[in-house]
Amino acid sequence: MTAPSPASRAGAAGSTAPVDPAGFRRAMGRWPTGVSIVTTRADGVDSGLTVNAFLSVALDPPLVLVSLAHEADSTPRVQRSGRFVVHVLGARHRPLSERFARAAPPEEKFEGLAIARGLGELPILEGTLAVLECAVREAHDVADHRLFVGAVERLSLGADEAPLVFFRGRYAEAETEGRLRLPDPRP
Ligand SMILES: Cc1cc2nc3c(=O)[nH]c(=O)nc-3n(C[C@H](O)[C@H](O)[C@H](O)COP(=O)(O)O)c2cc1C
């Protein structure tokens, strides 16, 4: 086994040295995630953002968690709405992920997209792999993020296609059935 580099050892063996943010990002980059878009609607305005800090918290009842930065425009809107929708993206939705990761006015993000209306009139993007419509059950501020725990009230499954994956700070691409082309390691 390769010896861990100092960056990855920081803090692990009782060291009190502060963890370097770049090292933290690199370490977390080795944790592959899916990619989702979280949408909401507050004061009659649709908004949404790309989110990979999404996980299942409990099965009974079904609860999920999303971690949204305080600085994201969508965060106070989820709070005001009390609802959000998580869309699980497929490999072919990378342009959609890029669109919703941009700091842009909400109407620009939704321009030209096929939208359905879900519970609470929230926008649902058509054609994603899975859609979870959630009611905010708990919200917790943790440092620069707000954690929203959502009760899943309605589910719909789309095509069972290759997922969009984020790894090493970049998107991984579906190659063929059951294979992923991972981004090269950073130098
Ligand atoms: C792959 C990927 C994953 C992201 N995950 C998150 C996340 O989990 N939480 C978050 O607050 N922002 C996340 N972002 C950043 C937001 O999508 C981005 O800041 C967005 O512009 C916020 O939009 P808004 O200000 O219109 O709400 C992610 C971006 C990318 C590209």
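**Notes on the ligand shell and the strands behind it**

1. Starting with the ligand: S3 and S5 each put at least two residues into the shell around it. S3 is the biggest giver, with four residues. The shell holds 17 residues, and the closest to the ligand are Leu49, Ala53, Ala69, Asp73 and Ser74. By character, the shell splits into 10 nonpolar, five polar and two charged residues.

2. Bear in mind that this is a predicted model. Confidence is mostly good: the chain has a mean pLDDT of 91, with 90% of its residues at 70 or more. The stretch to watch is residues 7–11, where pLDDT drops below 50, though the model still gives this stretch 12 contacts beyond near neighbours in sequence. Where pLDDT is low, the predicted coordinates should not be read in detail, so I'd leave those contacts alone.

3. On to the core. The largest nonpolar core counts 24 residues, and Val38, Val66, Phe84, Val85 and Val86 have the most contacts inside it. At least two core residues come from each of strand S2 (36–42), strand S3 (45–51), strand S5 (62–69), strand S6 (83–88), helix H4 (94–100) and strand S9 (130–142). S3 and S5 thus turn up both here and in the ligand shell.

4. Val86 is a handy place to look at how these pieces meet. Setting aside residues up to four places away in sequence, Val86 touches Ser36, Val38, Phe54, Val64, Val66, Leu132 and Cys134. Two of the names on that list, Val38 and Val66, also rank with Val86 among the core residues with the most contacts.

5. S6 itself is mostly covered, with five of its six residues buried. On one pairing, S6 runs antiparallel to S2 through four bridges. Ser36 sits opposite Val88 there, and Ile37 has His87 as its bridge partner. S6 also pairs with S9, again antiparallel, over six bridges; in that pairing Arg83 stands opposite Ala135.

6. Why call S2 largely enclosed by the rest of the structure? Because six of its seven residues are buried. Besides its bridges to S6, S2 pairs antiparallel with S3 over seven bridges. Ala42 and Val45 are bridge partners in that pairing. The S2–S3 hairpin has two residues between the strands, and one residue to check by eye is Asp43, which takes a positive phi near 50°.

7. Last, a look at Ile115, which belongs to strand S7 (residues 115–117). Is this residue buried, exposed or in between? Ile115 comes out as partly exposed, because 14 other C-beta atoms lie within 10 Å, and the buried class needs 20 or more. Not counting neighbours within four places in sequence, Ile115 contacts Phe110, Pro123, Ile124 and Leu125. Glu126 is 11 residues along the chain from Ile115, and their C-alpha atoms are 6.0 Å apart.

Technical notes. Residues numbered from 1 in each chain as written. Predicted model: local features only at pLDDT ≥ 70, side-chain atom pairs only at ≥ 80, totals over all residues. pLDDT = per-residue confidence, 0-100. Contact = placed C-beta atoms within 7 Å. Core = buried A, V, L, I, M, F, W, Y, C linked by C-beta atoms within 7 Å. Buried ≥ 20, exposed ≤ 12 C-beta atoms within 10 Å, placed from the backbone. Pairing = 2+ DSSP bridges. Near = placed C-beta within 6 Å. Nonpolar A, V, L, I, M, F, W, Y, C, P; charged D, E, K, R; others polar.
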